[in-house]
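Biologist: I have not looked at this one before, so could you walk me through it?
Modeller: Gladly, here it is.

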Amino acid sequence: MENGGTGIGGMRTDRLGLLLDQFDRAREMAEVRLTGLTDEEYLWEPAPGCWSIRPRGEATTPRAFGPGEWVLDLGAADIPASEYAEVARQVADGMSVEKVAEDWSVSVERVEEVLAHTGPVEPDRTPVTTIAWRLGHLHHGFAGHWEWAFGERRQDPKRMVDFSPSAATALERFWESVDRWRRAVGTVTQEQLDTIGFSQYPYGSDPDEPYAAVLWGANLEFIHHMAEIALLRDLWQARAA
């Protein structure tokens with residue numbers, strides 16, 4: 001077994017083992033669900049105003065990013081209503097208002113507005129996204145999380161992934177990045193799991209959390225986006241009907 005740990009019936013029951021087992025099983029299911037993905041399906045926009053990947057000159061969102069010809073849509077900086085409670089928790093746990101503002105690319109005044117909010121929280125009006133966007137979002141996240149935990153901790157994650165309109169190319173690059181991250185995570189020690197700031201990933205709360213919590217969040221991110229991609233594939237198949 002990687003990195004020690006105890007097991008029952010071949011399954012590890014230590015903290016890292018449980019996290020890795022959950023991720024590995026989710027990855028297996030995701031790879032099966034992505035088999036046969038075509039370029040047309042990958043770029044399909046099921047509703048007006050979708051976020052996707054686009055040629056740089058055709059970007060429709062104010063903060064679309066990427067180092068190459070194709071960029072990933074990203075809207076104006078703000079804190080979505082669904083994150084108000086998390087922002088309040090972070091500040092209560094000791095994170096400065098200035099750090100929260102930096103993480104969300106908003107002003108200190110905007111964070112203070114969120115903290116002062118006492119009424120009901122309206123549901124977020126999040127954009128519909130394409131499979132290409134979901135994969136690109138995950139890809140730059142895994143690339144960046146590897147860089148800022150195991151790499152040189154200097155590259156901007158938003159500059160690390162060359163987005164492609166080819167589904168086959170995107171998937172090949174994606175799985176390479178995911179597997180590099182997974183191999184590195186498999187070497188993490190129990191002490192590193194408890195280390196606050198072991199990951200210095202610049203977009204989020206990683207520097208303020210133990211690495212075990214960061215890995216838990218990475219699993220959640222992977223699982224929920226892959227479930228959304230699976231649903232988009234189902235809708236693509238059913239669109240004619």
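Modeller: What follows covers one helix, a residue in that helix, and the enclosed spaces in the protein.

Modeller: Please keep in mind that this is a predicted model.

Biologist: Okay, which helix holds His-145?

Modeller: His-145 belongs to helix α6, which runs over residues 131-147.

Biologist: How many residues does α6 have, and how far does it reach?

Modeller: α6 has 17 residues and reaches 24 Å from its first C-alpha to its last, which is close to the 24 Å expected at 1.5 Å a residue.

Biologist: Is α6 largely enclosed by the rest of the structure or not, and why?

Modeller: It is largely enclosed by the rest of the structure, because 16 of the 17 residues of α6 are buried.

Biologist: Back to His-145, then: which side chain does its own side chain make a polar contact with?

Modeller: The partner is Asp-206, whose side chain lies 3.0 Å from that of His-145 in this polar contact.

Biologist: And what else is His-145 in contact with, leaving aside its neighbours within four places in sequence?

Modeller: With those neighbours left aside, His-145 is in contact with Trp-181, Ser-199, Tyr-201 and Val-214, as well as with Asp-206.

Biologist: Changing topic, how many cavities of 30 Å³ or more are there?

Modeller: The count comes to two cavities of 30 Å³ or more, and the largest cavity holds about 90 Å³ of space, whereas the second largest holds about 40 Å³.

Biologist: Which helix gives the most to the lining of the largest cavity?

Modeller: That is α6, with four residues, and both α6 and α7 (167-185) supply at least two residues of this lining. Among the lining residues of the largest cavity are Tyr-42, Ala-132, His-139, Asp-162, Arg-173 and Phe-174.

Biologist: What does that lining look like by class?

Modeller: The lining of the largest cavity has seven nonpolar, three polar and two charged residues.

Biologist: And the second largest cavity, which residues line it?

Modeller: The second largest cavity is lined by Leu-19, Leu-20, Phe-23, Trp-181, Val-185, Leu-215 and Asn-219, and Trp-181 is also one of the residues in contact with His-145. By class, six residues of the lining of the second largest cavity are nonpolar and one is polar, with no charged residue among them.

Biologist: Where does the largest share of that lining come from?

Modeller: The largest share of the lining of the second largest cavity, three residues, comes from α1, while α1 (15-33), α7 and α9 (211-238) each supply at least two residues.

How values were computed. Residues are numbered from 1 along each chain as its sequence is written. This is a predicted model: local features need pLDDT of at least 70, side-chain atom pairs count only at pLDDT 80 or more; totals for chains, interfaces and linings use all residues. Side-chain values use heavy atoms; hydrogens and water are left out. A polar contact is a pair of N or O atoms within 3.5 Å; within protein, one must be able to donate a hydrogen and the other to accept it, and residues adjacent in sequence count only if both atoms are side-chain atoms. Contact means heavy atoms within 4.5 Å. The expected span of a helix is 1.5 Å times one less than its number of residues. Buried means under 20% relative accessible area, exposed over 50%, partly exposed in between (1.4 Å probe, protein chains only). On a 1 Å grid over the protein atoms alone, a cavity is a set of points where a 1.4 Å probe fits but cannot get out, and a pocket is an open set with protein on both sides within 12 Å along at least five of seven lines; lining residues have an atom within 4 Å of a point. Grid points are joined across faces, edges and corners, and a volume is the space filled by probe spheres set on the points. Ala, Val, Leu, Ile, Met, Phe, Trp, Tyr, Cys and Pro count as nonpolar, Asp, Glu, Lys and Arg as charged, and the others, Gly among them, as polar.
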